[in-house]
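Trainee: Could you walk me through this structure, starting with the basics?

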Amino acid sequence: MSGWGKYDNKSVSGTVAITTAGDVTGSGTAFTTQLVAGRVVLSSANVVLGTVNAIANNTSLTLTANSSANVSAASYHRQLPVGSVGDK
């Protein structure tokens with residue numbers, strides 16, 4: 001956990017493909033256990049890809065708004081507020 005910022009980035013499994021329409025398809029992902037609605041998703045380069053709106057299953061979710069980037073087979077991570085209880 002970082003003590004300097006407001007957020008910590010946490011690793012997640014798999015890779016994602018995201019359309020600019022905000023549809024996310026995962027490969028080897030575990031969305032239902034590793035993410036929750038409202039969580040920010042970032043690329044491995046720390047570019048914000050979007051905020052989770054709804055999780056359909058372990059390999060499909062939607063973002064609250066259109067994504068700023070189209071990505072394919074991209075590594076990603078989630079952002080947690082420092083001091084969060086739990087790991088989602």
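Mentor: Let's begin with a term: helices and strands here are DSSP runs, of at least four residues for a helix and at least two for a strand, numbered from the N terminus. Keep in mind that this is a predicted model.

Trainee: OK, so where does Thr29 sit?

Mentor: Thr29 is placed in the loop that runs between β3 (23–27) and α1 (31–34).

Trainee: And is Thr29 buried or exposed?

Mentor: Thr29 has a relative accessible area of 10%, so Thr29 is buried, given that buried means under 20%.

Trainee: Which residues is Thr29 in contact with, leaving aside its neighbours within four places in sequence?

Mentor: With those neighbours set aside, Thr29 is in contact with Ser13, Gly14, Thr15, Val16, Asn58, Thr59 and Tyr76. For Asn58 there is a further detail, since a polar atom of the Thr29 side chain lies 2.6 Å from the backbone oxygen of Asn58.

Trainee: Zooming out, how many helices and strands are there in the protein?

Mentor: The protein has 1 helix and 8 strands, and from the N terminus on they follow the order β-β-β-α-β-β-β-β-β.

Trainee: How much of it is buried?

Mentor: Of the 88 residues in the protein, 33% are buried. In strand β8 (residues 76–81), 5 of the 6 residues are buried, so that strand is mostly covered.

Trainee: Which strand does β8 join up with?

Mentor: Strand β4 (residues 40–43) and β8 run antiparallel and are joined by 4 bridges, and within that pairing Val41 stands opposite Arg78 in β8.

Trainee: New topic: which residues make up the largest nonpolar core?

Mentor: That core has 12 residues, among them Val12, Val16, Phe31, Val41 and Tyr76. The elements giving two or more residues to this core are β2 (15–18), β5 (48–57) and β6 (60–63). As general background, nonpolar side chains in soluble globular proteins tend to be buried together.

Trainee: What does Val12 touch, not counting residues up to four places away in sequence?

Mentor: Val12 touches Gln34, Tyr76, His77 and Arg78 on that count.

Trainee: Last one, how many aromatic pairs are there?

Mentor: The count comes to 1 aromatic pair. The ring centres of Phe31 and Tyr76 are 6.4 Å apart with their planes at 70°, so the pair is edge-to-face, because planes over 60 degrees apart count that way.

Trainee: Why does that pair tie together parts that are 45 residues apart in sequence?

Mentor: Phe31 lies in helix α1 whereas Tyr76 lies in strand β8, so the pair links parts 45 residues apart in sequence. Both Phe31 and Tyr76 are buried.

Definitions and conventions:
Residues numbered from 1 in each chain as written. Predicted model: local features only at pLDDT ≥ 70, side-chain atom pairs only at ≥ 80, totals over all residues. Heavy atoms only, no water. Buried < 20%, exposed > 50% of the residue type's maximum accessible area, 1.4 Å probe, protein only. Polar contact = N/O pair within 3.5 Å; in protein donor to acceptor, adjacent residues only side chain to side chain. Contact = heavy atoms within 4.5 Å. Core = buried A, V, L, I, M, F, W, Y, C linked by side-chain atoms within 4.5 Å. Pairing = 2+ DSSP bridges. Phe/Tyr/Trp six-rings, centres within 6.5 Å; stacked < 30°, edge-to-face > 60°.
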